[in-house]
Amino acid sequence: FLKVQDGCDYFCSYCTIPFARGRSRNGTVASMVEQARQAAAEGGKEIVLTGVNIGDFGKTTGETFFDLVKALDQVEGIERYRISSIEPNLLTDEIIEFVSRSRRFMPHFHIPLQSGCDEVLKLMRRRYDTALFASKVKKIKEVMPDAFIGVDVIVGTRGETEEYFEQAYQFISGLDVTQLHVFSYSERPGTQALKIDYVVSPEEKHQRSQRLLTLSDEKTRAFYTRHIGQTMQVLMEKSKAGTPMHGFTANYIRVEVENDESLDNQMINVRLGEFNEDMTALKGTILMN
């Protein structure tokens, strides 16, 4: 994990991060490249770019997140990069197109939506609407049809009426995304959201959360199922003795194989089979490279 940025200049109505973490700031592209080179020298093969609002990278150095992505792509020894949570309004088409051509940046995105209802997005003081979000998903799928797209959603925020939640559910249901990370809204002292009158009960929050989690499972399983029978490269991760090893494909499908310590941190070709017992991964057959 390479932390490329900290702090946030966005003041969403439900969030205290700008008060707790301060304004957006970052090191230079050159310093990040040096850290990536160090990780490669130590045997690291995959780096996840993290931060509070990583798309805002460059505020303090006069650079951009796209500059960073292009520079990191040149670092020898790193096989894979993944871009962690990036705001939809900061995920530019040029970044999406660059990732689609890159050998090192994986077809894997994590984009916070928070609500699929425009009225709720306004109450949250988010900087985009559902139309922009849908256009980003469409753009990704046009150039990377097999890309994994994870989406953050908050349920039960103040102001989220039953009608608004239904709008959000229908919007999310129609998106070609892979997985939902669902959070139940919780009050934060000092936030602007506390001025909104409509309060959702804990029971209703739970019910909404469960509906979205069920939808998420359906989308993830459909995505995995489409890849059964394919041969893909998997970066294997160390596991406890006596338990299956697992790793991830480029597009973040979790794959399980028989334990073999010699495979730790190795990129191997695997034929993807059926789901494992708890439906959390596909069983893989290792092919001789």
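User: Which residue in β11 stands opposite Val255?

Analyst: In this predicted model, the residue that stands opposite Val255 is Leu282 in β11. The strands involved are β9 and β11 (residues 282-287), which run parallel and are joined by 2 bridges.

User: In what larger arrangement do β9 and β11 take part, and with what pairing?

Analyst: They belong to a closed barrel of 5 strands, whose order is β7-β8-β9-β11-β10 and whose pairing is mixed. From one strand to the next, the twist averages 50°. The mixture can be read from individual pairs, since β9 and β11 are parallel, whereas β7 (residues 231-237) and β8 are antiparallel, with 4 bridges between them.

User: How many of the residues of β8 are buried?

Analyst: Burial is judged by relative accessible area, with under 20% as the cut-off. By that criterion 5 of the 5 residues of β8 (residues 245-249) are buried, and the strand is mostly covered. On the β7 side, Glu237 has His246 of β8 as its bridge partner. Towards β9 (residues 254-257), β8 makes 4 bridges in the antiparallel sense, and there Phe248 stands opposite Arg254.

User: Which residue takes a positive phi in the hairpin of β8 and β9?

Analyst: The hairpin has 4 residues between its strands, and the one with a positive phi, near 65°, is Tyr252. Tyr252 lies in the loop between β8 and β9, and the sign of its phi is listed for a residue other than glycine. With a relative accessibility of 27%, Tyr252 is classed as partly exposed.

User: In which strand is Gln114 found, and is Gln114 buried or exposed?

Analyst: Gln114, which is not a glycine, also has a positive phi, of about 75°, but its place is in strand β4 (residues 108-114). Its relative accessibility is 9%, so Gln114 counts as buried.

User: How should I read the open sheet, and which strands stand at its edges?

Analyst: The order of strands should be read before the edges. The open sheet has 3 strands in the order β1-β2-β3, with parallel pairing. The edge strands are β1 (2-3) and β3, each of which has a single partner, so one side of each is left without a neighbour in the sheet. Between β2 and β3 there are 4 bridges in the parallel sense, and at one position Ile47 stands opposite Tyr81 of β3.

User: Why do the buried residues of α3 lie on the same side?

Analyst: The general idea is that an α-helix has 3.6 residues a turn, so residues three or four places apart point the same way. In helix α3 (residues 65-72), the buried residues are Phe65, Phe66, Leu68, Val69 and Leu72. They cover an arc of only 155° around the axis, and therefore they sit on the same side of α3.

User: What do the buried residues of α3 pack against?

Analyst: Their partners are α2 (29-41), β2 (46-50), β3 (80-83) and α4 (93-101). For the helix pair α2 and α3, the axes come within 10 Å and cross at roughly 35°, and the crossing is right-handed. The residues that meet there are Val29, Met32, Val33 and Ala36 from α2, and Asp67, Leu68, Ala71 and Leu72 from α3. Leu68 and Leu72 therefore appear twice in this account, as buried residues of α3 and as residues that meet α2.

User: How many disulfides does the search of the whole structure find?

Analyst: A disulfide is a covalent bond between the sulfur atoms of two cysteines. The search of the whole structure finds 0 disulfides. Cys12 illustrates the reasoning, because the closest cysteine sulfur to its own, in Cys15, is 6.2 Å away and too far for a bond, where a pair would have to be within 2.5 Å. The relation holds from the other end too, as the cysteine sulfur closest to that of Cys15 is in Cys12. Cys12 also counts as buried, at 9% relative accessibility.

User: Which residues does Thr220 touch, not counting residues up to four places away in sequence?

Analyst: With those sequence neighbours set aside, Thr220 touches Thr178 and Gln179. Thr220 is placed in helix α8 (residues 202-226), and its relative accessible area of 13% makes it buried.

Notes
Residues numbered from 1 in each chain as written. Predicted model: local features only at pLDDT ≥ 70, side-chain atom pairs only at ≥ 80, totals over all residues. Heavy atoms only, no water. Buried < 20%, exposed > 50% of the residue type's maximum accessible area, 1.4 Å probe, protein only. Arc of directions from axis to C-beta. Contact = heavy atoms within 4.5 Å. Pairing = 2+ DSSP bridges. Axes fitted to C-alpha atoms, helices over the stretch in contact; angles between N-to-C directions. Left-handed = near helix turned anticlockwise from the far one by under 90°.
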